[in-house]
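Good morning, and thank you for the opportunity to speak. I shall go through one structure with you, step by step, and I ask you to keep the display in view while I do so.

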Amino acid sequence: MAETLIIADLHLAKPEPHTLVLLDTFLERAEHAEAVYLLGDLFDYWIGDDQPIAPEIAERLERFADLTAAVYFQPGNRDFLVGRQLLERIGATQLPDQTVLEQGGRRWLLTHGDELCIDDAAYQAMRAQLRDPAFVRDFLSRSLPERIAIAEDLRNKSRTASSSKPEDIMDVNAAAVDEILERTGTDGLIHGHTHRPAIHRLGDGRPRVVTGDWGEAGWLVSLEGDGLTLERFTPESNEVIATWPPRREAIA
């Protein structure tokens, strides 16, 4: 069985050379995959499908559409305004905020993860406001320069606010994780958003898998059969950080 690959938090903005090479490296692996899941924050921000993309980035994103693998996109907090035009451009099917993936006899819940950070009340209030249909309609009616200015301002304010918040409130809430797994009848959770890559063993033994954000290295989750690996990769090397079922001491 070919592997299923899951990534999140690329935060694409400028065509940095190392980011382009990481995308090339991932796409080479994805050529042999059965499916690819993009769990949000593919972009640093997305303000509508008329947003310009640097040609170097666009060329690589369009290679997703050429994969034999099925490609799926799940919105994150930075790119929930991705629309039909971009999805067609990258050959992706959009998923709801919570999606169940069945593989190898296991049921995995896929989500970006920000909706589970319920201890950060200020963030959740902002999230609700930004996703309000009236706000979205007003925002998309504005000119491209206006929308870019608003997105840049929101990004800067978010960075400033995050720097002064306690680390624990920006992580997922344990009770919220338990509740969503019970409600969906799933065997484990895979998410991004928090930029804290690890495989956590929950109280009932189920795993919570967190894929990392891309920087000097890329991160991916690979599902093959009934097993899972969390991997950090560069063009020169690939390192398995943790596995499920656990075979290493890297399990948190």
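Let me begin with a definition: the axis of a helix is a line fitted to its C-alpha atoms, over the stretch in contact, and the angle between two helices runs from 0 to 180 degrees between their N-to-C directions. Please also bear in mind that this is a predicted model.

With that in hand, consider helix α1, residues 17-30, and helix α2, residues 55-62. Their axes lie 10 Å apart and form an angle of about 10°. Angles under 35 degrees count as roughly parallel, and therefore α1 is roughly parallel to α2. Which residues make this contact? From α1 they are L20, L23, D24 and L27, and from α2 they are E56, I57 and R60. Sorted by class, the contact of α1 with α2 holds 4 nonpolar and 3 charged residues, with no polar ones.

I turn now to the pockets. The largest pocket contains about 1000 Å³ of space. Its lining comprises 40 residues, and N77, R78, Y123, S158 and H193 are the closest to its centre. Three elements give two or more residues to this lining, namely α4 (121-130), α5 (133-140) and α6. Which element gives the most? That is α6, with 9 residues. By class, the lining of the largest pocket divides into 19 nonpolar, 14 charged and 7 polar residues.

The second largest pocket contains about 250 Å³ of space. It is lined by 15 residues, and those nearest its centre are L12, A13, Y45, Q51 and P52. Here, too, α6 gives the most to the lining, this time with 3 residues. The classes in the lining of the second largest pocket are 10 nonpolar, 4 charged and 1 polar.

Since α6 has come up for both pockets, let us look at one of its residues. R155 is found in helix α6, which spans residues 144-163. Is R155 buried or exposed? Its relative accessible area is 15%; because buried means under 20%, R155 counts as buried. Leaving aside neighbours within four places in sequence, R155 is in contact with D44, Y45 and R78. Two of these names have been mentioned already: R78 among the residues closest to the centre of the largest pocket, and Y45 among those nearest the centre of the second largest pocket.

Next, the backbone. Most residues other than glycine have a negative phi, and most peptide bonds are trans. Where does this model depart from that pattern? H193 has a phi near 75°, a positive value in a residue other than glycine. H193 lies in the loop between β7 (188-191) and β8 (198-201), and it is buried, with a relative accessible area of 15%. H193 is also one of the residues closest to the centre of the largest pocket. The loop between β7 and β8 also holds H195, whose phi is near 60° and thus likewise positive in a residue other than glycine. H195 is partly exposed, at a relative accessible area of 32%. As for peptide bonds, the one from W244 to P245 is cis, with omega near -5°. P245 is placed in the segment after β12 (238-244).

Finally, I should like to set distance along the chain beside distance in space. R107 is found in strand β6, residues 106-111, and is partly exposed at 26% relative accessibility. R107 and P145 are 38 residues apart along the chain, and their C-alpha atoms are separated by 43 Å. D168 is found in the loop between α6 and α7 (174-184), and counts as exposed at 54% relative accessibility. D168 and D120 are 48 residues apart along the chain, yet their C-alpha atoms are separated by 9.1 Å.

My last residue is T234, in the loop between β11 (227-233) and β12. T234 counts as buried, at 15% relative accessibility. Apart from neighbours within four places in sequence, its contacts are with L22, T25, E216 and A217. How many residues separate T234 and A13 in sequence? The number is 221, while the C-alpha to C-alpha distance in space is 19 Å.

Thank you for your attention.

Notes:
Residues numbered from 1 in each chain as written. Predicted model: local features only at pLDDT ≥ 70, side-chain atom pairs only at ≥ 80, totals over all residues. Heavy atoms only, no water. Helix = DSSP H or I, 4+ residues; strand = E, 2+ residues; numbered from the N terminus. Buried < 20%, exposed > 50% of the residue type's maximum accessible area, 1.4 Å probe, protein only. Contact = heavy atoms within 4.5 Å. 1 Å grid on protein atoms, 1.4 Å probe; cavity = no way out; pocket = protein on both sides within 12 Å on 5 of 7 lines; lining within 4 Å. Points joined across faces, edges and corners; volume = space filled by probe spheres on them. Nonpolar A, V, L, I, M, F, W, Y, C, P; charged D, E, K, R; others polar. Parallel < 35°, antiparallel > 145°, perpendicular 65-115°, else oblique.
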